[in-house]
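Open the model in your viewer and keep the selection box handy. We will go from stop to stop, picking residues and looking at what surrounds them.

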Amino acid sequence: MLATGHQVLGFTFGVIAITILQQFGIAPIHTMDVVLFFVFVLFGALLPDIDTPTSRLGSKFWRLLMLLFLVTLLVYLFFPQTLNTYREDLKIFVMMMIPVLVMLRGHRKMTHSLLFLYVLWVYCQVIVEWMHVPWFYLYGLLAGVLSHLLGDYVTKKGIPLFYPLSRRYFRFIFTFRTGSVTEKTLVTALVIYNVWVLIMSAT
């Protein structure tokens, strides 16, 4: 799917996820929490394509990542005492960048597999324990990632569900080409559905 389609599908998954979380009494309540929840959802909906420098998220991410590493290198060369001052912050930064290492394998590989979902789930638990981030934000992130995998699963190319154990690409029985009329029709239908849900929840 195209980036816009992934975000619309991700938003739909976010609406479903927040409904499920409400049943367990762990959904975000305050307006800002709900807004941040959907920020995590929309980020997650694009996250699997971060392995592709030409993708919408990938292009911005890699530029930012290179900038951060350049700044860190310059600080190391000219202001080494600063690194000692912010040693703990750098540890957190390095920890957050670790998952990037599994993404350096090309489009629709590691980040489009069940293993990636598992690694992300474990990583979310680490973030919750170390940084005390509310779980519902990370549920939003996982919902967004899951929506991305489903979105690509119904395209002609499919996704490598069992990568790296198997490089075979799996796809749904009924598929469509990325950017096709079918995809645009589906995305439009999801937009209408999301608007209807929001109107109904507001009344």
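Start by selecting Thr175, which sits in the loop between helix 7 and helix 8; helices here are DSSP runs of H or I with at least four residues, strands are runs of E with at least two, and both are numbered from the N terminus. This is a predicted model, in which local features need pLDDT of at least 70 and side-chain atom pairs count only at pLDDT 80 or more, while totals for chains, interfaces and linings use all residues. Residues are numbered from 1 along each chain as its sequence is written, and side-chain values use heavy atoms, with hydrogens and water left out.

**Around Thr175**

Is Thr175 buried, partly exposed or exposed? Thr175 counts as partly exposed because its relative accessibility is 22%; buried means under 20% relative accessible area, exposed means over 50%, and partly exposed is in between, using a 1.4 Å probe and protein chains only. Now add Lys156, 19 residues away along the chain, and draw a distance between the two C-alpha atoms: they are separated by 5.4 Å. Leaving out residues up to four places away in sequence, Thr175 touches Val154, Thr155 and Lys156, where contact means heavy atoms within 4.5 Å.

Stay in the loop between helix 7 and helix 8 and select Pro164. Look at the peptide bond that leads from Tyr163 to Pro164: it is cis, with omega near 5°. Most peptide bonds are trans.

**Helix 7 against helix 2**

Next, colour helix 2 (31–46) and helix 7 (residues 135–153). Their axes come within 6 Å and cross at roughly 30°; axes are lines fitted to C-alpha atoms, for helices over the stretch in contact, and angles run from 0 to 180 degrees between N-to-C directions. The crossing is right-handed, meaning that the near helix is turned clockwise from the far one by less than a right angle; anticlockwise would be left-handed. To see the contact, show side chains including Leu36, Phe37, Phe40 and Val41 of helix 2 and Tyr137, Leu141, Val145 and His148 of helix 7.

Phe136 of helix 7 deserves its own click. Phe136 counts as buried because its relative accessible area is 14%. Which residues does Phe136 touch, not counting those up to four places away in sequence? They are Leu21, Ile26, Ala27, Pro28, Asp33 and Phe37. Pro28 is 108 residues from Phe136 along the chain, yet their C-alpha atoms are separated by 6.7 Å.

**Helix 1 against helix 8**

Move on to helix 1 (3–23) and helix 8 (181–202). Helix 1 and helix 8 pack at an angle of about 35°, with axes 9 Å apart, and this crossing is left-handed. Among the residues that meet here are Val8, Phe11 and Val15 in helix 1 and Val187, Leu190 and Val197 in helix 8.

**A nonpolar patch**

Switch to a surface view and select Ile16, Ile20, Phe24, Ile26, Tyr193, Trp196 and Met200, which make a nonpolar patch of about 730 Å². Patch residues have over 30% relative accessible area and no salt bridge; nonpolar side chains (Val, Leu, Ile, Met, Phe, Trp, Tyr) are joined within 5 Å, and like charges within 9 Å. A salt bridge is a side-chain nitrogen of Lys or Arg within 4 Å of a carboxyl oxygen of Asp or Glu, and accessible areas come from the Shrake-Rupley method with a 1.4 Å probe, where for residues only the protein chains shown count as cover. Helix 8 gives the most to the patch, with 3 residues. Ile26 is in the loop between helix 1 and helix 2, and it is partly exposed, with a relative accessible area of 38%.

**Zoom out**

Finally, show the whole protein: there are 8 helices and 0 strands. Buried residues make up 40% of the 203 residues.
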